[in-house]
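Biologist: Before we accept the labels attached to this model, I should like to hear the grounds for each of them. Please set each value against its criterion.

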Amino acid sequence: MAALAEVGQTGAWLIILVASIIAGLLFLPSAALMERFPGKSIIEVGEELVGPYFNGLLVIIFLIFCLSLPALALRQYAERVLTVSIPELPVSVAMAGMLVGSITGCYMGLEALARSSLFVLYFVGFTIILASLLTYPYWRFEHLFPLGGPGLGTIMKEGLFRSSLMYGVFFLSVIFPSLKNPEIRRTGLGAIGIGGLAITLTMLAMLLTFDVPVLQEMSLPSYEMSRLIYLGRFLQRVESVFVPIWALNGMLHVAVGIYAGCAIITRFLKLPYNRPFLLPVSVIIYSLAFIPTNISQVLWIDFHVVRYYAWIPAFLLPTVLYGIEKVKKKGKKNGGESNAQQG
Amino acid sequence: MHAQKGRPGLTGARLDACLGVSKWMSVWDNLSKIITFQPPQRKPFELLGTEAAPGKNQGGSQPGQSAAGKSAQKQAGQQEREEQPKKFIKPRRAIPISVWYRCTQDKRSCPGDHLGQAGQGGSREKKGDNKEKPAQAEGVTQDRDRNKDQGKNKICNSDHDRAGVGVQNGINNDHDEGKGVARSECGNIDIGELGRVSANLKKNLKCLKKTFHVPTNKDVIFREFTIGADPPVAAAVIYIDGMTDRILQNLSILEPLMLLAGLNVDRGETLLDTVIKRLLPGNQVDATDELRDVVDGVLMGSTAVLIDYCPKAIIVETKGWEHRQVGRPTNEIVIRGPQEGFTETLRVNTALIRKSLHSPNLVTEFFKIGRVNRLDCAVMYIAGLTNPQLLAEVKRRIQSVTADFISDSSVLEQFIEDSHFILVPQTLATERPDRVIAGLVEGQVAVLVDGNPYALLMPANFFAVFQNPEDAYVRWPFGSLLRLIRLFGLFLATFLPGLYIAVISHHHEMIPTDLLLAISASRENVPFPSIVEVLIMEVSFELIREASIRVPGPIGPTLGIVGALILGQAAVAANIVSPILIIIVAVTAIGSFAVSSYSLSLTARFLRFVNILLGAFLGIYGLMLGVFVYLNILAGTKSFGVPYLVPIAPQAKTGPDLLYRGPAWQQEQRPEYLQPGQPKRQPDISRGWLKKGGGRR
């Protein structure tokens with residue numbers, strides 16, 4: 001958020017809004033592709049369209065994408081917890097704890113993950129709204145001006161790249177065969193809409209609370225915002241409660257990443273069960289999370305690499321597959337017509 | 001030859017007297033045929049009489065005959081028998097001697113058939129339509145049906161058994177065959193299939209004595225007597241002393257049979273018919289040809305009547321053991337609402353439910369569970385309302401349990417629950433009939449077990465377990481408030497000590513300064529770290545709670561006072577624990593008492609200790625880790641295929657009866673997740689008087 005404020009300044013919230021709209025548009029080809037192959041995940045679809053060798057390349061890209069994102073999330077949330085809540089704890093223990101929670105979720109299955117996500121949504125959503133609203137005494141509407149921020153061109157360009165913020169909808173393409181009601185288009189657009197709205201409002205609240213120069217200096221603006229909450233003498237320093245609750249979000253994020261990694265591997269290798277891969281994938285994620293040396297590096301990688309280019313595997317590659325499918329279909333149609341004419 | 005055997009009354013003089021001179025020649029012919037008759041392949045005579053008329057036996061419940069694949073030998077025997085005369089003596093008028101013949105020979109299956117047709121005679125037919133039957137009849141029948149369905153039961157009523165020869169070896173035969181479902185896998189403690197009732201009383205008694213270990217076993221009584229018919233017939237009653245009503249036995253079994261049996265028997269009526277229809281005034285009389293049914297009936301407090309020459313036994317319901325009267329529920333007390341609780345007697349419990357749920361669609365099915373103790377288990381549901389798949393799954397699980405000993409509904413619960421390592425209860429145990437009725441009306445299935453005052457409702461989910469009948473009996477604002485208070489109590493019981501230790505150990509900044517100073521001052525003289533302090537108090541409290549339950553009644557409150565007040569006060573005075581911790585432990589205990597479900601309360605007690613450790617080592621972050629793990633486990637748990645966190649995750653339609661308890665007239669929808677046959681409880685406008693011109697039905 002702080003880095004986004006650095007780029008978008010007072011128009012940072014508009015960037016997220018535009019990014020959500022672009023993500024929604026980019027998701028449509030992906031959804032159309034999956035709808036043409038009911039009962040198949042993006043891995044099987046890729047194999048059918050580009051063959052096993054090219055599909056292997058795609059799978060590697062997807063795996064890197066699906067493993068690096070939860071690794072970064074794991075490290076980020078662990079560092080936040082340490083910073084805010086329990087500084088004396090080693091980061092390895094904090095990450096291991098989160099990983100245990102995530103593995104439990106994955107072990108219980110996709111249904112359990114989906115259901116606990118719904119519960120976590122209530123808790124986390126409530127606390128985010130509460131934390132945003134309770135800083136109302138500090139809101140200054142002049143912080144939003146100039147509304148355009150760095151200008152329309154920057155907003156659009158950043159909006160395209162920041163569509164990576166919505167990379168989570170790619171997960172729908174991986175679990176598509178498991179969806180009870182395979183309405184991937186509606187589900188995906190709904191998720192992008194809700195997520196985009198939540199991030200936009202949070203960004204708006206941050207901009208209202210902090211001036212842009214102050215905001216771009218912060219490494220954990222949500223924590224700083226929750227620190228401002230004052231509910232009288234007996235309810236103070238509630239950030240110690242809020243931030244661990246937000247760690248639930250992090251655990252869910254990591255769990256989804258582990259599940260996606262396992263699902264990609266099992267579907268590519270045509271294996272029947274996910275569970276044997278839970279531990280190896282978790283160990284890989286745990287190891288990847290140790291690569292950045294500190295929280296600043298984590299945030300830099302997250303903002304300048306992952307959340308800048310994640311739209312390529314999340315939206316671009318499925319769109320390319322969709323294009324190939326269209327071309328193949330057209331070729332088949334033309335071939336059929338020419339055969340018919342010859343016949 | 002066999003026909004002659006053991007019939008002391010069959011003499012030439014008596015026949016002359018009975019039949020008259022005009023029929024002398026035909027009688028002589030018949031007798032000569034009987035005397036010179038040689039059963040094919042040395043089969044017993046009476047068996048041939050039964051098999052000679054297979055068509056007549058269709059109504060009878062003889063699994064052996066209905067089993068697929070009769071042997072070629074039997075077919076050959078049947079052909080030979082068809083050539084033999086079926087009418088041995090054609091009586092001019094019905095006399096006992098002809099009755100015996102029918103009982104034992106060609107009319108072997110008749111008594112059962114007559115029974116089925118003559119339900120008006122007080123006896124009841126063992127067919128599947130009438131579901132509510134006494135356990136000793138219905139449950140056993142279903143057991144047999146189950147065995148037949150599984151297609152691998154070879155009941156040991158081989159030809160020899162049916163003749164009464166192999167009945168004594170019924171147990172061994174069963175084990176030797178090794179194909180039957182009821183085959184014992186752990187020695188001879190399983191009664192399995194004992195074969196059929198023989199026409200030979202002595203052989204029946206010998207077999208049953210062996211089964212009941214008589215004479216070593218002293219409480220099974222074999223009372224042999226003579227039925228005062230003309231001619232007298234030997235008979236015996238079998239029962240277990242102490243389980244039967246003696247007066248009932250004397251007045252309605254022994255006295256009529258011994259003193260009033262000299263009645264004229266109608267033409268075409270067998271002795272068995274006469275006994276059942278005229279001589280046994282009991283309200284539940286069954287006839288069976290299975291020794292296993294006899295044993296089951298006797299074990300359930302019935303009295304078995306065996307008559308010589310009759311290959312069927314009569315089971316008269318004479319239960320009369322001591323049992324607790326219906327009283328107030330002890331663990332689920334409500335202020336408003338019924339004050340009745342279940343007892344240890346199954347039939348009383350089913351009657352308590354039926355007493356308040358006057359629906360012909362309420363069905364009670366009985367099963368036997370436990371191979372050794374053969375406990376009765378009732379499955380209750382409302383036909384047409386309960387999801388048939390749910391019902392089939394419940395029955396499938398119960399019937400598939402093959403444990404030796406199931407003592408209790410809580411033990412049965414462990415056998416049929418979905419996940420064994422989940423802490424939360426997956427069935428709803430209640431001692432309140434009204435709660436069972438509410439569940440049945442929603443579409444749940446109730447399981448009751450004899451000897452246990454708790455019914456199991458299934459499927460269960462978190463919200464059902466968490467609720468209390470009181471919520472529905474008070475007006476809706478108070479019901480909703482009570483639920484919120486209980487939810488808060490559950491939260492306190494689970495998280496308060498963990499939260500306390502997390503804040504004390506890791507998050508001092510959360511505590512207001514004044515309070516922090518007060519806590520610090522109170523802890524200043526305590527030598528232990530806070531986790532040790534908390535564990536000492538929590539373990540002490542659990543000890544007191546456990547001890548106060550186990551000690552004899554009058555000492556319990558004393559122990560509570562001594563433990564809670566004196567020990568707590570002394571511990572504070574001795575600077576072992578801080579006063580604030582006493583408050584924390586007390587509030588936690590009160591919170592756990594507010595949870596109405598004992599199983600859920602145990603879950604909270606268990607998780608409390610986990611949370612204490614998580615809070616002590618990882619602070620609030622640790623508690624959040626715990627919450628995430630519990631949440632995922634709960635989200636992945638199912639009770640009979642229904643997700644445990646339904647209707648919130650996954651979402652499902654239901655009435656306003658979750659955390660918020662809506663008014664009764666708003667409860668229009670049955671829970672969607674139960675997939676009931678009728679989704680609506682009541683129309684959108686259930687208060688007819690609100691309609692214009694309403695108020696009439």
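**Grounds for the labels**

Biologist: Which residue takes a positive phi in the hairpin of β6(B) and β7(B)?

Modeller: B:G370 does, with a phi near 85 degrees, and the hairpin has five residues between its strands. Please bear in mind that this is a predicted model.

Biologist: What makes β6(B) and β7(B) a pair, and in which sense do they run?

Modeller: Strands count as paired when DSSP finds at least two bridges between them. Strand β6 (residues 362-369) of chain B and strand β7 (residues 375-382) of chain B share eight bridges in the antiparallel sense. The pairing criterion of at least two bridges is therefore met. Within this pair, B:T364 stands opposite B:M380.

Biologist: How do you know that β7(B) and β9(B) pair?

Modeller: The same reasoning applies. DSSP gives four antiparallel bridges between β7(B) and strand β9 (residues 445-449) of chain B, and two would suffice. B:C377, for instance, has B:V449 of β9(B) as its bridge partner.

Biologist: Why are β6 and β8 of chain B called edge strands?

Modeller: The open sheet has five strands in the order β6-β7-β9-β10-β8 (chain B), with antiparallel pairing. β6 and β8 (428-430) each have a single partner strand, so one side of each has no neighbour in the sheet. On average, neighbouring strands are turned by 25 degrees against each other, direction ignored. Helix α15 (residues 346-356) of chain B lies across β6, β7, β9 and β10 (455-458), at about 10 degrees to β7(B).

Biologist: Is β6(B), at the edge of the sheet, mostly covered or mostly uncovered?

Modeller: It is mostly covered, with seven of its eight residues buried.

Biologist: Why is B:N632 called buried?

Modeller: The threshold is 20 or more other C-beta atoms within 10 Å. B:N632 has 29 C-beta neighbours inside 10 Å, so it counts as buried. This residue lies in helix α26 (residues 598-636) of chain B. Leaving aside neighbours within four places in sequence, B:N632 is in contact with A:T104, A:G105, A:M108, A:A112 and A:S116.

Biologist: What makes up the side of chain A that touches chain B?

Modeller: 27 residues of chain A are in contact with 22 residues of chain B. Two or more residues on the chain A side come from each of α4 (91-108), α5 (110-133) and α11 (239-268). Of these, α11(A) gives the largest share, seven residues. By class, the chain A side divides into 14 nonpolar, nine polar and four charged residues.

Biologist: What makes chain A as compact as a globular protein of its length?

Modeller: Chain A has 14 helices and zero strands. Its radius of gyration is 22 Å, and the globule rule gives 20 Å for 343 residues; the two values are close, so the label holds. Buried residues make up 46% of the chain. Of the contacts in chain A between residues at least 6 apart in sequence, 81% join residues at least 24 apart.

Biologist: Which residues touch the most other members of the largest nonpolar core?

Modeller: A:L74, A:A247 and B:V447 do, in a core of 191 residues. Not counting residues up to four places away in sequence, A:A247 touches A:Y77, A:V81, A:M98, B:Y621 and B:M624. Another core, of 41 residues, lies apart and includes B:A199, B:A236, B:L272 and B:L306.

Definitions and conventions:
Residues are numbered from 1 along each chain as its sequence is written. Chains are lettered from A and ligands numbered from 1 in the order in which they are written. This is a predicted model: local features need pLDDT of at least 70, side-chain atom pairs count only at pLDDT 80 or more; totals for chains, interfaces and linings use all residues. A residue is buried if 20 or more other C-beta atoms lie within 10 Å of its own, exposed if 12 or fewer, and partly exposed in between; C-beta atoms are placed from the backbone. Axes are lines fitted to C-alpha atoms, for helices over the stretch in contact, and angles run from 0 to 180 degrees between N-to-C directions. Two residues are in contact if their C-beta atoms, placed from the backbone, lie within 7 Å. Ala, Val, Leu, Ile, Met, Phe, Trp, Tyr, Cys and Pro count as nonpolar, Asp, Glu, Lys and Arg as charged, and the others, Gly among them, as polar. The radius of gyration is taken over C-alpha atoms; the globule rule is 2.2 Å times the number of residues to the power 0.38. A nonpolar core is a set of buried Ala, Val, Leu, Ile, Met, Phe, Trp, Tyr and Cys residues joined through C-beta atoms within 7 Å.
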